Each structure stands twice: as structure tokens, then as C-alpha cells.
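Reader: I have a model on my screen and would like to learn how to read it. Could you walk me through a few features?

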Protein chains: 4
Amino acid sequence: MKVTDKQAEHVLGALDRFEIELPSWGFSDSGTRFGQFKQAAAARTTEEKLHDAGCVHRLTGAAPSIAMHVDWDFPPTIDVEQVKREAAHHQVRIGAINPNYFQDQRYKLGSFCSPDADARELAMQHSLRSIEIGASTGSAALSVWLADGTNYPGQDSIYRRKKLLEAAFGRIHDEMAKRWSGAALLLEYKPFEPAFYHTDIGDWGMAASFARKAGPNAKVLVDTGHHLQGQNIEHIVAFPLDEGLLGGFHFNDRKYADDDLTLGSIDPYAVFRIFDQIAQFEHDRGQPAGSAPIAYMVDQSHNLKPKLEAMVQTVCEAQALFARAHLVDRDALERAQRAGDIVAAETTLRRAFFADVSGLLADWRRRRHLPEDPLTALRESGLIGRLGRERNNR
Amino acid sequence: MKVTDKQAEHVLGALDRFEIELPSWGFSDSGTRFGQFKQAAAARTTEEKLHDAGCVHRLTGAAPSIAMHVDWDFPPTIDVEQVKREAAHHQVRIGAINPNYFQDQRYKLGSFCSPDADARELAMQHSLRSIEIGASTGSAALSVWLADGTNYPGQDSIYRRKKLLEAAFGRIHDEMAKRWSGAALLLEYKPFEPAFYHTDIGDWGMAASFARKAGPNAKVLVDTGHHLQGQNIEHIVAFPLDEGLLGGFHFNDRKYADDDLTLGSIDPYAVFRIFDQIAQFEHDRGQPAGSAPIAYMVDQSHNLKPKLEAMVQTVCEAQALFARAHLVDRDALERAQRAGDIVAAETTLRRAFFADVSGLLADWRRRRHLPEDPLTALRESGLIGRLGRERNNR
Amino acid sequence: MKVTDKQAEHVLGALDRFEIELPSWGFSDSGTRFGQFKQAAAARTTEEKLHDAGCVHRLTGAAPSIAMHVDWDFPPTIDVEQVKREAAHHQVRIGAINPNYFQDQRYKLGSFCSPDADARELAMQHSLRSIEIGASTGSAALSVWLADGTNYPGQDSIYRRKKLLEAAFGRIHDEMAKRWSGAALLLEYKPFEPAFYHTDIGDWGMAASFARKAGPNAKVLVDTGHHLQGQNIEHIVAFPLDEGLLGGFHFNDRKYADDDLTLGSIDPYAVFRIFDQIAQFEHDRGQPAGSAPIAYMVDQSHNLKPKLEAMVQTVCEAQALFARAHLVDRDALERAQRAGDIVAAETTLRRAFFADVSGLLADWRRRRHLPEDPLTALRESGLIGRLGRERNNR
Amino acid sequence: MKVTDKQAEHVLGALDRFEIELPSWGFSDSGTRFGQFKQAAAARTTEEKLHDAGCVHRLTGAAPSIAMHVDWDFPPTIDVEQVKREAAHHQVRIGAINPNYFQDQRYKLGSFCSPDADARELAMQHSLRSIEIGASTGSAALSVWLADGTNYPGQDSIYRRKKLLEAAFGRIHDEMAKRWSGAALLLEYKPFEPAFYHTDIGDWGMAASFARKAGPNAKVLVDTGHHLQGQNIEHIVAFPLDEGLLGGFHFNDRKYADDDLTLGSIDPYAVFRIFDQIAQFEHDRGQPAGSAPIAYMVDQSHNLKPKLEAMVQTVCEAQALFARAHLVDRDALERAQRAGDIVAAETTLRRAFFADVSGLLADWRRRRHLPEDPLTALRESGLIGRLGRERNNR
């Protein structure tokens, strides 16, 4: 399709409002249950992660904040003020605070849902500490993913666990309201893994139910990899969005289970359709493109791709698919839809998906004094090789 | 496991309260999109369906009512009073009323969600007529399954369709409240088929959202075949049950998609676990076993099995799995769960699943002067052969 | 990406060799098990289907042949010579011959695998007639899809059925060798539907095993919709291709089961990857692009899209995705692969996928005096409206 | 069902021939990618694993051998003769030898399929060492599972990798024939994980193809958890069994992906149907029940269940489901199948599945002076507590 000047301005404006948060844990070594392949340049410390996030932002201009993992980035001994200074130094904002409810040995049977009262208390204390960190760092959200669930039929009472979880989220919401005003409580769902029989927040409907009971600042967090095969994710995005219950995303792609591949690497059209639903929502409500209060966050596991490359690639891919979604001719689409003209409606969508947006993105980057092709710029900089020699993370 | 006298009484009492509704359409010819294989004894008329349902109830004592399909069982020309007399004659109750929102050519793009106002009006008029039939027949529920959805990305606006559907259900709920007091509005969800891109009520979370907005008599209907692969159905049953939102079931089994095989034929342990969750819920609330106000309905497609055999088999199988669920030692289970003793908890469940309940069921039937083995009794009666010769449905 | 002149010539040459066969049944009414929505312009007779296929070929220049369904297009009373004359008149070739092994009431328990000897004999006689038609029409292939399978565990012996099927395919292969020399026997697999417990040719491995035993002209036919969720189809294409066992495709797209949506409508990148594997294979063997002896056939169900539009759209989409696959820089790809440079290898592939090929395709069409945008040309011609008035298929 | 004396003898004879191999790695700590929960009694050394396997065999009488993992059980420094002495001391046989092709950092891009020649050479040297160990320990099989695959489209050439793998298996087969005569080369397939785009041996059809090319002693290994959702596993068992290509099993259960839960814990009827297909095969060929040369091996990950309990439970569950499969009335089944009597055929199967086999198994154990209920015996022995105190594996 030919992009008109008006469309170009629309997309550039939308891109101005589109920010993607990077996860600190995406810069350090990760793996599968079968092992970990080490990368020499992988970040080893909180400061190295902040440094790397800063590099990605300097290259892309679209990733100003970094999600933090409490246990890994704010271990009990760390000086939070020091982390804030380092973040400022690397010119990144502290993003969502992610408590860790799955690694302590006491979480064997769950955290808030565990039959073990000590595990539940540990989870609550950890939450309170996370809230404190969130409040003191100026973060905007507490992002909660639980590994809670069971592995065998009969292992535990679904009903008791549900009650325990409702109570816990209610308390966390209240504590946040008191000490960390304005912050969102994001509740993530997942159908399975690491629990293989039932997961206490198993789907968006359950997350929405917990969110409604917790209070007005609780919202649903959609991890694109946390769905069963075939699930129409854009529908699951549109539905809570229309209900005022969509809080944000953990972006990644998958072919099978929660594969944590880089965004759009398996099914780019599906990612485009998610952005399209959000763009349609903003259009319907007369809101500026890209203005819906949704936290776009990356959550991938870069086992094989070099971590910095994977991040830059992801930010660029997200921008490209987002830009395409904002090229959909919404008036033509609505006309075709109302006329029941399926082929015309579909063609309108696909034309935008296959539009060449490289020029548009290059424009946007030039205006911001960014490299036109951030991935090539990263490769040419030799940064990863240099970090590998310095860090020598083996 | 050895069944104690106390357990036996518990199960017999639960069985007394356990009724399964048969679908009228389960007695007539059905097929796949590739064609239909005719059965000589298949019912051809509403009265023949009532007759056949009566036969199943006389053999099993557990299937006193029959769900009716408005277009097929109450065509515009039919005399509703006559149907009521026939039902009385065959000693069956008129069960849930099932409107048909998918066969008229005007429903090509949907019913309540169609961009075509005529289609929406047709659906509403059909609903009002269904409500009238429901009220006049003493039925207890309007059971709504929509084929609404789209086949291609972009085909229609998910948001507009959602709004249209919310309005329609609101109006139906109000009309029911006025004219058919006490009846339940059951909302069925389905992930796909016949719509292959998105379905307007795609999962239980959406059905629950529509039900909450429609009003207090609206509930979620779980069709066991309407789930994606892997979905933990008993969790999806327990969650809305705990919220007061579970209205009932359409029972069948499946290996792949919505295969509509007979209940428990593919995964009997999974059906047992559904009954177990309901039994646990009643136990937790101190309610009599089998007393939760849930409509248990069959919805299967007997393409190959003789229809009457399939129905009798299903009722007996449902009773057997239900009985097993009521044999679970709930105190032992809770003790094991609270102790985190996974193997003991699981063993408690499996012991009940593999319990020999044939003696118990034979007892229950003897007390009611029913044949001890209804399927064998049906076979020995020669009924299907006789009906085949009479009806000669070719 | 910028397309060089050399690349353009490569793609144009490949397009010259790329032909897509249309299915006669894609022009007449079809539906789901819930019903059929009629299209006024749908073809009602064999001649109308030949006419419509001719229209698609005149618009696209890439669909010179039409697959025929024996029962529907060559009913026992038809004059085969007359069909050949009509085909010639509409300037289309008779393509693959598709026997029908699923509609006769005797196929209730299967065709070649049925425990009923009459059903098996019927299937063999039908096959012999199909072979005759194939030989006399100059078709190049017998394309076999069986609905054979079972619906319930225990229903029949998997072993006996396997033996029966091996014998049947052996005989068909021999008869073809005698009377229809050079023709391929294409064996299609499918995991489920209409059989819902087991399907006798359930996956590519089984099809390959039957093909090997039948003889050298038997090959595997891949229907893109006949896979379980998550299956890597391009791998399943590459593997038998490398073994000399890939015979052709039935093209369509799906999100859930065998949805029979138009090609590439749900996941265009996946279709691209299939073409990429074939292009790579030809490249590796030094064969001209597009020359592998693979039958590309469409098999879709156009329930909602106007049939002629759906066909033209599909041919154009197939060409576009095929063209993109031939834009992959194979040398750069191999270099990156051998260096283990995952991001560079992936980028090479994606650059081709997102390449703007509209100019290339317009060129190719201009050279052949075809409309540059066949779908728009079809719409502007008013053909569908005219056919609707003439045929008035209600 | 009532079990006749003749049936009982048949089952007892079959049980005499039914042996299940335990995996050494099932006794030591394992986990998910999110972490590991430690068990105090988990085995820490090769000898402790041999000890624990011996305990399970003493309790169940059905698990005389233990599969070994080369890297974990035979590290380069170990004295193989010493391991053999320890095995003898604990009265267990050395079972299948499992090389490890996934943990070394050089396997980042695969083992035999890697573009890196060093990785391929490492894999071959490791194989040769594994063959040596196999030959010297009297093991009967080399059991090969590869993690080889790719994570992103384009990452590597499927064709080159296929060729490399064919060559490797050919060489391994030859080396085995030379040095370890009579041993089987078992090739395991898996659709995904840890490779998330394509896996080089992705399904049984690929494993069968590699096996055929490698040579007569190469067979397919079915891991029950290595299938896509919905796949009919008993069909996949029956098909290669009939072709002489089925080598054995890795037993476990799953609800979602490769969950590695204990056998039959999610879908016991499905496991029963696998045993039923094998029993039917033996029956059809007139072979003694339980005599087919199939290696039944356990491969589970006991993250939460106490490891010794999980093993004893699994052996007992396998025996119970195996015994039920041998209770199927094969004559009645065949009669019903040939008559097309679906309900009777299915009922014959289900009657055996739900048969109470506890008496039969108790008989079998008494005759062998084993505890009638091995799990209870294990619990009452206090063994796990004692081992926990001794090993104190934290």
C-alpha cells in the first residue's frame, strides 16, 4: 500500500506514545530445564542489566524503562538508593516490580495458595517489601506472576486455594493504596507450567475475577505465551480492554507452550492483530493513537540469541507491527464490516500488515537522532564482543 | 476399595437427587459436515422423540426431562398444548428450551451480533417466542448457544458485536423475568466452530461477563466438548460454581474438537473429576450430596451408535461416575491435602474412581423397580429393531 | 528489502513454473455440520464449475487445471467425453481425480477398512471407475482421501484395518500402472474428523508407510489443515520431500481444526515457510526454482466468502507468498546458518517475507496480459452479480 | 466384571513376563526451569540410585533393571566395574544406556545436527564411550534422545541436519553391531522442548525413517509425553509395532506438554489402551501374553512426590493397567467388531478397564513373597525418613 502523508503523521504520533519496557532478567543467563548455555556478554549484576537496558534505549529510543525482579535485582542486602542512582546514571526508569513467589524451598506447594501457613506468610512479607521498593523507586506497577497450582488431581482444594488468593490480593491492593498510590496491581494468568495439573490463576477469566475482587487498581496482565493452542489472543485482549480490566502485556512468541521466543518470530500476523484491536479501541473512543494506558513489557528467554541483539530486534519488531496496525484504514474497514463484505474487510487489514514501514520507522528514528537500523548499529558497534571480553561470563 | 454401609447410603441418597436431561435432538438423525448415516429407528417427529426419551427414563429412572429445540420441536405450525399432552403421555417433563440462532439464511453473519439489523431482529423475535414456549411448558431454563463469530481477521468489530450481545441478553433476561419467573438464562460458550476465527462467547470468562451484566438469573453453561485442548475443565467448573455462576452442563466427550462422543467414552477420569469438584463444593457448604442447583444435560451426536443405546449408556455412565465421586473419603482427602501428602491425596481420589459401583447401582435400581442393567434390558427388549421396522427412517 | 534485477528474474521464472489447481467443489455450496449458507452465484453443475475455474484462470493465469470429485462431477449417468469437451471449451485441464469414499450409506464403518465386505467392494469398484475416468481425461493423479476411522476405543481392530488398507492401495497402484501410466497415487492423511477416535491414515508417517508399500507412484499428500495444533508443517513437508515421497498439497488455512479457511488468512508466515522449504530443496539440488514435481492444489470451503472471490484471492495470495520465498537470499542464509548466527539467518528469511512483491507480481501479470490486480478486476467485472442473477442458486 | 479362573491364570502369566525398567535419574533431584525443590532422601550418587532401584524391586518384584545416564552415572572418572559390582550388590541389572547429548556448552546448536563440527565430534565420541559402557555392563539397549532442533525459522537447514543425523545413526548402528552384539538402538522422538521451532526427530514417522536407514537393530522409542495434544498414542504404538519397528517406551503422563507426571495419573484409560493394543498384537500373532520384545521404561520427573513413593506407585499402576488390558475378552471383542456393534465392542473394553484387579495383583505378589500393597509397605517401613536423615540432601 502507498502510505499517505496523513497516515504517516498518524503513525509517527502513535510511535511517539509507544514505549516498551525491558525485563532485567532478559539480559542475564537463562535456559530450559535441560540446562543453560552461557553467553560471555550476559549481564551478571543489577548494574550490568541497567547498563544493557540503557544501551537498548539509546539505540531504539522506545524502551525507557526496565522491569525489575525483586529477588534477583533487589536482594535483601542491596541498597535501593544505590540502584536508583545506577538507573539514573544509565538513563533508564525503574519499571514494574516483579516479586518472586516461586524459588524459595518453602514454596514447594505454592505461595499464597500453599496449605503451609509459613509459605503464605513468606509470600506476604515478600509482597510488602516489594511494595516498599515500588513506592521508593517511583515504579508504576506491581506485576504478579504466581507459580501456584498443583501437579496431581486431588493434591489440594481448588476452593480453599481460591479463597486464600482472594484474601491475599485484597490485602496487597489495600497496602498498595496506602503506601504506593496510583500504582497498578497487575495479575498474570497462565494455563500450566510449572504446575502441570491446575494453575490457580489459569486463564484471563480467573485473573479478571481476582482483579475485580482485589480493587480498582488491579488489572489483568496478558503474557502472549500463556495460552493454550488455538486461543484467539486478540479476542482475549479486546474483551477485558472493553471492560476496563486490561493492564498490560508480557510480550514474547511461541509455537508450542510457553516457549519465550522473541516477539513475532513465529506468528507476526497474530501480534499485528493484537495491536490492531488496541488501535481500534482507541479509534472507537476517540482517543489518541497509542494512548491507552497499557503497560507493554517484554518477557522473553534469550537462551540462544545474543541478549542485546534479541532485545533490540524485539523493540524494532514491536514498533514495526505496531506501526502497521496504525496504518489500517479504519473507515474503509468499518464500511466493509457493516456491509458484510468479508473479503474487503480482510484485505484492508492485510494491506496494512504487509505495508512497507521501514521508511516510516527510519523517519521516526532520524527525527530523534537514532540510528535508522538499530540492529545493524548494534552489530557494527562491537558492543557485544567488548562486553563479552569484559564480563567473560562463563 | 470396600464400600461401607454409611458410604453406600450417602451415594444412594446422592443418586436420588441426580437427574440427567436428555436432548430431543439426540434421538433424531445427525451427522458431520461430510454426511449423515441414517438409522432406521431414529425419531422423525417431536412425538417420537418424546416417546424415546420416555423409554430411556423408564429404563434408567434418572432422565425425567427432555430438552427441546425450538425450531425442530416447536416449528411455527405446532400446537404447543399438543406437545405438552404428548410429553405427559410419555411421562417426561419438558426441559430446557433451546432457541436456534444459526440455521436461518439471515444468520450468515451471526444472530444478535450480525451487522445486519434484520438478523438481529429475527433472533430477538425468536427469543421472545422461545420464552413464551418456555413459560407455557413449565420449563426451567432457556439454554442459549450462539454460532455467532467471524471466520476471518477483520471481518467484523469485536467491540460492536460485544455491545450488541450485551444489549440482547439484557433484554432477554428482562423479558424472562416478566413472563417466565424463576427460569434460568443459561449462556453457553465455545472456542470455535462453526466460526473459525473468533466466537463471540469464546470461553467461560466471556460467558460469565455476559451473565453478570444480563442479571441474576443468567448463568454459565459448560459444554464439556467446548474447550481447547488441555484445558482443565474441572477447574473451569469449580471457579464459577464458587462464584454462584454455574448454571449447568451439556455433557459429551471428545478427543480432538467438539466431537460430541458419548460421555466418558474417551476420558472417564476427567468426568469423574468434574463430579468430584461439585461433590466437594456441596460437602464444603454442608449441602446434601447431589443438591447443587445445576442442570445436568446431555448434548451428544450419535452418528454411529444406535441412539437409544447411546442414551441409556450415557445415563448409566454418568450415574456410575457420579457415584464414584461421592465415594471419595473427603475427610481423608482434606487431611492429606493439608499435610501436603500428594500421594495419599491422589490415592484417595483414585480409589474412589476405580471403586466397583455396579453393586451400588444395581441396589439403587432394584429399590426403584428398574432393570439392574438398563442397557442389557434395552437390548433384550428388541425395542430398537421394532422401532426400526415401524419408522423405517431411510 | 530492495529487489535486484537478478532476484526479480529468478522470481519471475519461478512464477512461470508455479501452477495451482482449483477444486471443482470450491465453486459450489458447502457448509458446516450446522448448515449451509447459500450463495446465489454458486455453481450448480459440473459445467458451471468448469466455467468458473476458467474465469479464475483467465484472471490469474496461474490456475490452468481443476480437480474433480468423482461422485459430484462424474455421476454414473454423465458422459465423460462431454465433460472433456466442456473443459476444453472453458480452457481448463482436468486435474486430480478425487474418488468419494465417505458418502454412501454403506461407508458407515469405513470404506476399504470397513468390517463390511460390501463396503470394501464398493470402494474398490468406485476406485476402478475413478481410474478409468482419470485415464480417459488425461488427469495426472488419483487423489485419495479416506474418512475411514473409528469413533470409540475398541470399535474395530487397528491391525485388521491396516492390513485391509495396504492390500487396497496395492491393488489400486497396480491397476493404475496397467491402465493409467505415469499417474500419481496421492495419499492424504488427517488426524481426525469425521472419525473422532482414530483415523486409519492419521499422520504423514502412516501415509508414507502406505505409499512405500503401494509402489513407486504412490506419494504423500499434505493438506495444510490436517494437523494437530502446533505441528511444524514445513518440517513435515521437508522430510518426505527429501525422501522422494512428497506428492502435493491441499492448500487452506486454519486456526483450530480443519477449518478450511482461505490460504494464508490466519498465518501467512507459516505458508511462506512451506514454500521456503521447497525453494531451499530445489536450490540445494540445483533444480530450477519452482520445478519440483509437486501438485499444488487448493482445498477450501468458502462458506461465507463469495466463491469466485475466494479463489482469485487464494491464487494471488499463493503467488505472493511463493514469490517471497524465492526472494530469500540463499547464500546469505547458508552463511549465517553455518556460522550459528541465528539473528542474521532469521533476518534473511523475514526480510523476504516482508518484501513488497506487488510490483513483481504486476510485472509478471502484465507480461501475460493479465489484470494487474485480479481481485479488483473480478469485482469491477460484475461477474458474480451476473452469475447470481442467472443461476439464482437458492 | 467377574474374573474367571482362566482369565486369572492368563493375567498372572502375563504379569510374570512384564518388567518395568526404572531410570536412575528418577531417584535424584529434578525440577522445572523455575527451580528445584530438594528432597532430603533424594539419591546423590550412582550407588544411592542403585540402592533405591533395588528397594523398589524388592517391594514390587517387577522392576529388576535400571536405566543409566552416561554423564550422570558414568562420569569420566568412574570405575565401570565398580558400578557393576554395586548393581550386583543391590540386585539390579544395568538397563538401557542413555547418552547425554544436551548439557555440554558445545551443544548449544545441537549435537549430531549442529553446524559446529566440534559438537558433532563430541557427540560421536560420547556415543562410542556409551557403547563401550553398554557392552561391558551387559545392557540390552542404547537409548538415544536428542535435544537437537532449532528455535527460530531459518536458524538452520532442516535438510543438512537430516543428512548429518542419518550418517551419525548409521555409524552408531555399525559400531554397536561390531562391539555390542544384539543390543537395540532406540530412537526417541519429541515434538518440542528444548527446541521450540523444530526438533530434528519430531515425530514417530521421522524416528521410523531414521531407524530404517540406520539398520535392523534400530527401533522407535515412544515417550508417552512426547506428543502434541490430541494425538492418538495407541495408534502410534500399534502402527510401528505392526511394522516391527517398536522398540520400547518411556512411561509418564501429562496434561499439557512434556509434564513428566507419574504414569496414568492424568488419563489412566489412555495408558490402558496402549497396553490393550500390545495385548491385541500378541493375541493376533498367537504369542504369549506379555512376550512382545518391548522395553518398558519409566521416565518421569518426581519434583514434588517423594521419589521412592512415586516409583513404587508407578510400577503398581503400570501392573494394574497392564493386568486390566489382559482381561479384555478378545473373542467377544472381535465378534462385536466384525458385526459393527460399536456399543458391545466398547463395553467389552471398558469392562476390563474398570475391573477390580486388586485381588489378582495381591495373588501375584503373595506367590512371590512380596508385600500385597507395596506402597503401604514402603510407607510403613519408614525407609524414606531414614534415608532423608542419612542423606540429608539439602
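Reader: How many of the interface residues of chain C are also interface residues in chain D?

Author: The idea is to compare which residues each copy uses. In this predicted model, 100% of the interface residues of chain C are interface residues in chain D too, so these copies meet through the same surface. Chains B and A give another case: 100% of the interface residues of chain B are also found at the interface in chain A, so here too the copies meet through the same surface.

Reader: What rotation superposes chain C on chain D?

Author: We look for a turn and a shift along its axis. Chain C lands on chain D after a rotation of 180° with 0.0 Å of shift along the axis, at an RMSD of 0.0 Å. To find that axis on your screen, go to C:Gly205: in chain C, its C-alpha is the nearest to the axis, 2.1 Å away.

Reader: And what superposes chain B on chain A?

Author: A rotation of 180° with 0.0 Å of shift along its axis, again with an RMSD of 0.0 Å. That is how a two-fold axis relates two copies. In chain B, the C-alpha nearest this axis belongs to B:Gly205, at 2.0 Å.

Reader: Now a single residue, please. Is C:Ser157 buried or exposed?

Author: Compare its relative accessibility with the cut-off: under 20% means buried. C:Ser157 has 4%, so it counts as buried. Look for C:Ser157 in the loop between strand 7 (149-150) and helix 6 (158-179) of chain C.

Reader: How are C:Ser157 and C:Val83 separated?

Author: There are two ways to say it. Along the chain they are 74 residues apart, and in space 41 Å separates their C-alpha atoms.

Key: Residues numbered from 1 in each chain as written. Chains lettered and ligands numbered in written order. Predicted model: local features only at pLDDT ≥ 70, side-chain atom pairs only at ≥ 80, totals over all residues. Heavy atoms only, no water. Least-squares fit on C-alpha atoms with pLDDT ≥ 70 in both. Contact = heavy atoms within 4.5 Å. Helix = DSSP H or I, 4+ residues; strand = E, 2+ residues; numbered from the N terminus. Buried < 20%, exposed > 50% of the residue type's maximum accessible area, 1.4 Å probe, protein only.
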